[in-house]
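Trainee: I should be grateful for a close look at the aromatic residues of this structure and their surroundings. Please take me through them step by step.

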Amino acid sequence: MNFFPITDLTDLETLAESEQVEFKLAAGRDGKGALPQDFWSSYSAMANGRGGWVILGVEEKERKFIPVGVTEPDKVQQDLFNQLNDRDRVSVNLLSAQNVQIVQLAGKTVIAIYIPPAMRKQKPVHLKKTPFGNTYLRLHDGDRRCDDETIKRMLAEQLHDSRDS
């Protein structure tokens, strides 16, 4: 695995929201923590790019990132893996338990999820049943929906990859 563990506030501060890092509050309706709906566009975008981190339980205030925590991290982690294996939610599961860290930062529990880049034959990583309209790429610090031409190019590259094998 080619990523470093997040163990303290210094590690968190070295990560700035960027093409490969996304912070999400993940408070849920009850404030105890939930997997945010917009997690999935970030998952697709990072998997279709160079990979990256999604850190749950961190709030952004004036370009500073403050751990607020996730009260029920086990519930959020279980929900993550249940949805990863639901093909109505996402086309491929790229994660294992090693990709998910539950970390104590400033007395708060946060969840750090490393999303590896998908192999060419797994792309496009998309939401729902069809890649068209449901595939994302990470540009700067945001998840952008792919146009049909970009998706067609990813699909064509799958075929090129299998010919090379």
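Mentor: The account below begins with the aromatic pairs and then turns to the nonpolar cores. Please bear in mind that the model is predicted.

The count of aromatic pairs comes to four. One of them joins phenylalanine 39 and tyrosine 43, whose ring centres are 6.2 Å apart. Because the angle of 35° between their planes is neither under 30 degrees nor over 60, this pair is classed as tilted. Both residues belong to helix H2, which spans residues 39-48, and they are four residues apart, about one turn of the helix. Phenylalanine 39 is buried, with a relative accessible area of 0%, and tyrosine 43 is likewise buried at 0%. Ring pairs also bring in Trp40, so that Phe39, Trp40 and Tyr43 are linked into a cluster.

A further pair consists of tryptophan 53 and tyrosine 114, with centres 5.5 Å apart; their planes stand at 65°, so the pair is edge-to-face. This pair links distant parts of the chain, since tryptophan 53 lies in strand E2 (residues 52-56) and tyrosine 114 in strand E6 (residues 108-115), 61 residues apart. Both tryptophan 53 and tyrosine 114 are buried.

The largest nonpolar core has 27 residues, and Phe39, Trp40 and Tyr43 are among those that touch the most other members. Helix H2 gives the most to this core, with six residues. Beyond its neighbours in sequence up to four places away, tyrosine 43 touches residues including Leu84, Val90, Ile115 and Val125. Apart from the largest core lies another, of eleven residues, and Tyr114 is among them.

How values were computed
Residues numbered from 1 in each chain as written. Predicted model: local features only at pLDDT ≥ 70, side-chain atom pairs only at ≥ 80, totals over all residues. Heavy atoms only, no water. Phe/Tyr/Trp six-rings, centres within 6.5 Å; stacked < 30°, edge-to-face > 60°. Helix = DSSP H or I, 4+ residues; strand = E, 2+ residues; numbered from the N terminus. Buried < 20%, exposed > 50% of the residue type's maximum accessible area, 1.4 Å probe, protein only. Core = buried A, V, L, I, M, F, W, Y, C linked by side-chain atoms within 4.5 Å. Contact = heavy atoms within 4.5 Å.
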